[in-house]
Amino acid sequence: MKRSRVLPLLVGGVFCVAVETDYLLYGQEPLTNQSVFQDLSRLQLKIDRLEHLLTENNRLVATLRNSLLQHKASWETRGRGGSNSSADPFVLDELNLFFFVVQLLDVYDLLPFDNPDGGAWKQGFEIRYQGNEWNEQPLEVFVVPHSHNDPGWLKTFDLYYEDQTRHILNNMVLKLSDDSRRKMIWAEVSYFSKWWNDIDEQKRALVKRLLEAGQLELVTGGWVMADEANSHYFALLDQLIEGHQWIQRHLGVKPSSGWAIDPFGHSPSMTYLLKGAGLQNMVIQRVHYAIKKHFARQQTLEFLWRQNWDSSSRSDITCHMMPFYSYDVPHTCGPNPSVCCQFDFHRLPGGRVFCPWRISPQPITKENVEERALLLLDQYRQKSRLFRTSVLLVPLGDDFRFVDSSEWDAQFSNYQKLFDYFEQHLELHVKARFGTLADYFAAQQRQLRSTGANLPTVSGDFFTYADRDDHYWSGYYTSRPFYKRLDRTLEATLRATEILFSLTLAEMRRFRGDGRLVDDFPAKEHFGRLTVGRRSLGLFQHHDAVTGTARDPVVIDYGTRLFHSILNLRQVMQSSAHWLLLLDKNRYHHDDSKPFLLMDDVIAAHDALPQKMPLRLSDEPRSLIVFNPTEQRRSSVVNLVVDSPDARVIEAESGRPMVAQISAVWVEPSRASPETFQLSFITELPPLALIVYHVTRAPTGSTPRARYVFLRGGEAPTVQTKHFSVSRPQGPEANKLRLQSGLVRQVQVQFLWYGTRTRGDKSGAYLFLPGEDGPQLYSSSEPPLVRVTSGPVFSDITSCFRHFKHTVRLYHLDGHAGRSLEISNTVDIRSEVNHELVMRLVTDVSSGNRFYSDLNSFQMQQRRTLSKLPLQANFYPMTSASFLQDDTSRLTLLSAQSQAVASLRTGELEVVLDRRLQQDDNRGLGQGVTDNKLTASLYNLLLEDRKVGGAAVEHLSLLAHLASLSLSHPLINMVAHSAGLLPKLRPFQPVSSSLPCDVHLLNLRTLEDEQEAGSPSQEVALLLHRKGFDCSSAPEPLPQCTWSVFRSLRRSGLTLLRGDDEDLESARQQQQRRIISLRPMEISAFRAELD
C-alpha cells in the first residue's frame, strides 16, 4: 500500500514542479512593450512543453496504475511476512524511460549556440580528472582500425577501387592474418563485393576465417554509407537489403553494429531501419558541435535512440556519438588533436602526410615508450570522462587509409608496443587492444549490466549539421537538383518493375502448373537487370552522390548509371507487361530488337528531361497500356502526345469512352506545335493493374479543346475548380491561390534569389552561406508572358520568366484526387553567378515559428525557426513533404524530389529550387557547383480543415499520404509498337481491392535463388508499411479500403536474412487466422509466395 501511493505522487510532483517553475519565470518582472512579442513566443514554447509533459504524465500514471493492479493479487498472496522492499522492475523501467527521455527540440531551445574557445578542444571545454577514477574499474580501450572508402567523390567508384580500395582489402587479408591480435572493420559492401569477384578461392577462405575469428567485422552492411537527409526510405532500405543479402549469400554473417561516420547529419529513420534489420548498436559522427559539447557535459554521448512516435522501447537502438570534430586520428584518441596526431603513425617523418600542428609522430622504442604511453593514456582518460562507462572506443583511420603495406606495419606495430606497455604496468589501470565495434559494444553492455547503470533515451534528429562557426551544411539539401529528381525517377521505376516482374513470375508458374517459367521469357537476364538497377540506386544513396557533393566527372558517372538502369528496367517492365496482358499466352515471343510494348516517353541522355513520343493515330485503334503501380484505386489524368488535334479514347474491355481534352504542345511560350498535340483523359485505375485503352483519330472538332489567353502584365483571368481558384496578380509575385475547403486561405507564390557572402567563406556544394542582404525578390526587366489554359480535364496558369517557367494546374477530378493543386517549375539558372533560386509560399496560416518537414518520407519532424540561429541554420531537408498549421487549418506541400525547406516567418514556406556557385566551400571537394541543367520540380499543395487534438506527434493526413503516393509513383504508359493486327490483350488486375488506406506496399521484391546464383527464386520479399496519419482531418469521400491476402506469409527482418525468419509453425498459425499484425508507423517484411 505504501508503494502504490508514493509512485503516482512522485510522477505528479514532476509535473507540478515544471508548472511552478514556469510560473516563477514569468512572475519575476513585468513585461515591457519591447519584449512582449518575445516573451509571448517563449510562453508559447513553455505551454507546448507543458502539454507534452501532461501527456507523458498521464501515460505514465496509467501505466503505473495498470502495473499495480496487475501485481496487487500477487503481492497479497505473498503474505504479510514476505519481503516487499524490492521495487517492481517493470515500474522502475517505466520511470527510467520517463525521466531520461531527451527531446532534441528542447535541447535546441536550451542551448545558446555560442562558440567560445575551449582550449585544446576548441569546440568543447577543459576536461579534468583526479587519476584514481579507474582504480576499481580499469579503463578498457578498444582501438578500432577502419578505412573510410567513399564509393565516388573526387574520383569515380571504379577509379577509387583500382587506385586504392583493392589494395586496402588485399593488404587487409595479409596483415590481419599475420597476427591474431589485429582487427579491422569494413562498411561499404559495394566495394567489398567488387573485390570479392576479383579474388581467388584461397583468399576468400582467408576472409571467412578472419570473420569467424572476429578479426574482421562488416559494419552496417549497406551497399553504401548512405546519406540520411535526401534519401527516401525506400532507397535506404533497398540498399540495406542488397548489402545484407550479398553478405548472407557469400559470407554467412549478419551485421550487428552500424557505422555512419561521414553522412552530414543523422536521421532517426535510418536508425529505425537498422534496428528492423537486426542491428543493436550504431556509431555516428557528424553532429552540430554545440550539441556534441552539450551531450559531452551531460555524459549523454551514448544513448538509446528512440523514434518520436514510439512510446515503447521497441525501436530503441544503442547509439555512440563521437565527441570531437572529425573521425580522423587527430580527433579520435582524445580532446587534443595536436597530441592525437602524434599517434597517427601514417604521418611519421619522411612520408607524404604530416601533422598540421607541426609535432610529428615518433616510432615507439624502448627509450620513449613510457613517455609516449603516458601521453596517449592522458588523452584516453580525458575522453573517457565524457562517457558513463570506463569502456572507451577509439577509432583509428581516415579516408582511404591502409592502402600501402607500410602503413599497416607502422600503425599495428607501434600501437602494439604501447598496448604491451599498458599491460605490463598494472598500476595504470588500463587495458588497451585492437577491437571491432562488436568487441566494444559487448564490453560496454557487460559493464552497464554489472553496474546497473542505464543509458539515457533520446528522440529527434541531428539536422542541420554545423562543423564550425556558422558553417551550416544546408546547401547539400539542394545541390545538383537535376540528379536528385533522377534518383526518384529511378526509385519509382525500380519499384514498379519489381512488382510487375514478381507478379509475372507468379502468373507464369500458375499458368504452367508445374512451378516452372515460360521458356522464352528471359527471367535470368531480367533479374540481372533488376540487380543492376538495385545497385545503381543503392550506389547513388552514398553521402557524396545524392547529396550533390561529388566532382563533375563523378556526377556524370553516377548520372550515367542511373540513366542506363532506368532504360534496362523499362525493358523488364515492357517484357513483363507483354506476357501479363496476352489473352493467348502461347503467342508470347520475346525479341529485344523489336519489343511488343514501348514507353510513351524517351530519355535521350543522363542529363536530359524525358520527352513524350508522338503517338501516330489512324482509324485503326492504337493500344495504350496504363500501369497503376500503387496499391490504391486512383482517379488520375493520363497525358499523351498525339499527331492529331482530334482523338478518341475508350477502355478496351468495356468500350466505355473516356472524358478527354486536347491541348497544345508548346515549342515556345507563345508558339504551339502545328504537328503534335497533348491528349489528356480521366481514368480510374484499380490497384497494381494494367489497363488497356484504344486510341483512334476522331472526327474533326469532336474532341474538346483547351482555350488559351495570353498577356504580359495586368490581371489574368481566374481559373477554378470546386476547391481552388488561381489568379495571376500584377507585380513580382507569381500566382495567387485561393483555396476553399469550408475555409478560405490566401496563398501567394513568390520567387527569390539568395546570393552568397562577399568576404570570407562562401556558399558551395555543402554549405549555405547567404549574403548579408538576405533574400531578394525575383525581378525581371519586362513582365513575364502569362498563359492561361481552360479545359474540361485541367486548367492552369503558366508564367514564363527568364530563369524559370512556373505552372499551377487544377485537375477537374471528383473525390479526394481533385483536392490537391499541382505546382511545377522548370528552372534554368546556367547564366547566373553565385545565385540560388527559391520558391516561397506566403500564406495567412498562423503557424508561429513552427513548421514540419519529413525525414526520408518516413516520418514528420517538428521544426522551430530560432532567431538565435543564423538564417542558413533554419533550413532543413525535405524529402517529400512539409506543412504549416494553425488551430483551424493545415497547408501541406508535397514534393516529388528532395530539397531544402524553411519557414523563416509565420505563414511562410520556402524551398530552394537550384543553386549555382562558382567556388569551393573548403570541405575537400575542390570545386564549385556549376554543372546546372534544365531542371524540373513537381509539387502538390493541399489545404485541409483541422481540429486541434492532443497528439504529441504530428503525421501527414490520410489525404496527404494518398496524394504523396500518386506524386511519387506516377502512372506508367506503354504503347503497342504499331497499329494493325495485334494479339488480343486483356487487362491484368492482380488484386480485387485496394489495401487498407494506411498500408503502403513498399515493395514486392523477387529474391535470388539460393541454389542458382543470379536467378530469381519462387519467394518474394513483401514489404508493407503501415503509415501513421493525422486524425484531425479526413478526406471526403473516404477511400474504399479492404485487405487482400497473400499465401504462405512468413515474417522476417527488414533485410530478409534467414536468421531473422519467423519459425514455420508460427507462420502457419498466423496464416490460418488470416491476420497480419501491423502497428502504425511500422514496416514489416515477409517472405511470401503469391496466390
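**Close-up 1. A salt bridge joins R181 and D420 in this predicted model.** Let's start with a charged pair: the side chains of R181 and D420 come together with an N to O separation of 3.9 Å. Which parts of the chain does this pair link? The two partners sit in distant parts of the chain, 239 residues apart. R181 lies in the loop between α5 (157–178) and β3 (184–186), while D420 belongs to helix α13 (residues 405–424). R181 counts as partly exposed because its relative accessibility is 43%. D420, at 26% relative accessibility, is partly exposed too.

**Close-up 2. R561 pairs with D557 within helix α17.** Here the view moves to a salt bridge between side chains of one helix, with 3.1 Å from N to O. How many residues apart are R561 and D557 in helix α17? They are four residues apart in this helix, which spans residues 552–581, so about one helical turn separates them. R561 has a relative accessible area of 25%, which means that it is partly exposed.

**Close-up 3. R1058 and D1061 form a salt bridge that belongs to a network.** The closest N and O atoms of R1058 and D1061 are 3.2 Å apart. Is D1061 buried or exposed? With a relative accessibility of 13%, D1061 counts as buried, since the cut-off for buried is under 20%. R1058, by contrast, is partly exposed, with a relative accessible area of 32%. The pair does not stand alone: through salt bridges that share partners, R1058 and D1061 are joined with E1010, E1019 and R1087 into one network. As background for these charged pairs, side chains of opposite charge can pair when their charged atoms come close. For the model as a whole, the count comes to 63 salt bridges.

**Close-up 4. Helices α8 and α9 meet in a right-handed crossing.** For a change of scene, this view shows two helices: α8 covers residues 233–250 and α9 covers residues 268–276. Two packed helices are described by the angle between their axes and the distance between the axes. The axes of α8 and α9 come within 11 Å and cross at roughly 35°. Which residues of α8 meet α9? On the α8 side they are Y233, L236, L237, Q239 and L240, and their partners in α9 are M270, L273 and L274. The residues of this contact divide into seven nonpolar and one polar, with no charged residue among them.

Notes:
Residues are numbered from 1 along each chain as its sequence is written. This is a predicted model: local features need pLDDT of at least 70, side-chain atom pairs count only at pLDDT 80 or more; totals for chains, interfaces and linings use all residues. Side-chain values use heavy atoms; hydrogens and water are left out. Axes are lines fitted to C-alpha atoms, for helices over the stretch in contact, and angles run from 0 to 180 degrees between N-to-C directions. A crossing is left-handed if the near helix is turned anticlockwise from the far one by less than a right angle, and right-handed if clockwise. Contact means heavy atoms within 4.5 Å. Ala, Val, Leu, Ile, Met, Phe, Trp, Tyr, Cys and Pro count as nonpolar, Asp, Glu, Lys and Arg as charged, and the others, Gly among them, as polar. A salt bridge is a side-chain nitrogen of Lys or Arg within 4 Å of a carboxyl oxygen of Asp or Glu. Buried means under 20% relative accessible area, exposed over 50%, partly exposed in between (1.4 Å probe, protein chains only).
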